[in-house]
Structures are given as structure tokens and as C-alpha cells.
Amino acid sequence: MFELIFGIIWTLFSSIFVFVTFISEDVPLLFKFMMCIFLIIGIIMIIKGLQKVIKNMKTNNYGEICYGYIQNVYPDGSYVNGMPEYKADILTYIPSTNSTETISEIIGFNPMKYPTDSYVIGKYYEGDINLEEIVNNFEQLPINVQNCFSNIEEEKKKIEDIVVINGVRYKRIEEDNNKQ
């Protein structure tokens, strides 16, 4: 949605400048060409934003309920007012195909909204997922989903000395007491 709104604002300002440069007779042709490039960039941003909005609407309307495991949360490189936008890698269980797929989805500006190593419920449609809510406990998942994610739970029990801080995993290393 951000790209769509930003693209509209960018295109409005660019079109004003393009209009002013084209009605002025003393503006060099190169400058007019450069203003057109800014207008084209805005139109491309609007198209990309519309594609994302339409994809999310299709997922909401036609998507099936799915379950996911947040594997990783990281900044995607976009910043708004100095705040990074975050993306999550989600191991998604798709009930209709009885398979899993790793999908990356933008989760917003709060990385703790969907923390690493948590389970979520969402909607899946054609490779897109819209996250709806966090599942507080593994036992709250349906039995067939628990079976799918059981290997993850076993790994989590084995790895007790790993801490996740801001989406980054750190492992505790014990030093040998016999070394001097």
C-alpha cells in the first residue's frame, strides 16, 4: 500500500513539473526529458503498488486458511521516516496440497508483531500469504499441522542455548574450564 500512495504523490508532483516545463518555451529539451523520466518512475511505482494491493485482495477473497512458522525476521531495506520496514520468512503449511512452502512477506515496521520462532494463522493464495494472527501455543494448532511442524518443535527443544535478539540467533559457547 505504501508504494501505491507514494507513487501517486510522486506522480502528482512530477506531472506538475512536467506541465510547467512543457508550457515554458525557454526550458532546454534535456530538462524536459528528465522531468518525463520522473513522471515515468511515478507511474511504475503506482503500477507496482496496484499489483501488490490486488494480490493481497485476491488472497483475502480467495485464499485458504494456512498455518505458518516464522523462521526469520529482517529489515527489507525500505525506510519510512527513518524506520526500517521488516520482512519475514514463513514456513507455510498449505492444507489443500498437504505441503509446506517458504514464503517471504512484509510484516510492517514492528519486528515483534510476528517474532521469530512463533506460529501464525493466515490466508494463502497463489504464492502469497496474508498473516492474520499469532498462535500463542503450539498445542493450539490442529493435529495435522502439529505433525507437519513437529520436527521444528523437536529442534527447538534440542537447542536450548540459542537466544533470538531482534531476529538474530545467538548461540551460547561454553569455554573449557581446563584451559589456562
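The following exercises, with worked solutions, concern the sheet and the largest pocket of a predicted model.

**Exercise 1.** Determine the strand order of the open sheet and identify its edge strands.

*Solution.* Step 1: the five strands are arranged in the order S3-S2-S1-S4-S5, and their pairing is antiparallel. Step 2: strand S3 (99–108) and strand S5 (128–135) each pair on one side only, and these are the edge strands. Step 3: on average, neighbouring strands of this sheet are turned by 40° against each other, direction ignored.

**Exercise 2.** Describe the pairing of S2 with S3, and state which residue of S3 stands opposite Lys-87.

*Solution.* Step 1: strand S2 comprises residues 83–94. Step 2: nine bridges join S2 to S3 in the antiparallel sense. Step 3: opposite Lys-87 stands Ile-106 in S3.

**Exercise 3.** Establish which strands helix H2 lies across, and at what angle H2 runs to S5.

*Solution.* Step 1: helix H2 spans residues 29–62. Step 2: the strands that H2 lies across are strand S1 (64–80), S3, strand S4 (119–125) and S5. Step 3: the angle between H2 and S5 is about 60°.

**Exercise 4.** Characterise the largest pocket by volume, lining and residue class.

*Solution.* Step 1: the volume of this pocket is about 700 Å³. Step 2: its lining consists of 23 residues; Lys-52, Asn-56, Glu-85, Glu-105 and Ile-106 lie nearest the centre. Step 3: helix H1 (2–23), H2, S1, S2, S3 and S5 each contribute at least two lining residues, and the largest share, five residues, comes from S3. Step 4: by class, nine lining residues are charged, eight nonpolar and six polar.

Terms used
Residues numbered from 1 in each chain as written. Predicted model: local features only at pLDDT ≥ 70, side-chain atom pairs only at ≥ 80, totals over all residues. Heavy atoms only, no water. Pairing = 2+ DSSP bridges. Helix = DSSP H or I, 4+ residues; strand = E, 2+ residues; numbered from the N terminus. Axes fitted to C-alpha atoms, helices over the stretch in contact; angles between N-to-C directions. Contact = heavy atoms within 4.5 Å. 1 Å grid on protein atoms, 1.4 Å probe; cavity = no way out; pocket = protein on both sides within 12 Å on 5 of 7 lines; lining within 4 Å. Points joined across faces, edges and corners; volume = space filled by probe spheres on them. Nonpolar A, V, L, I, M, F, W, Y, C, P; charged D, E, K, R; others polar.
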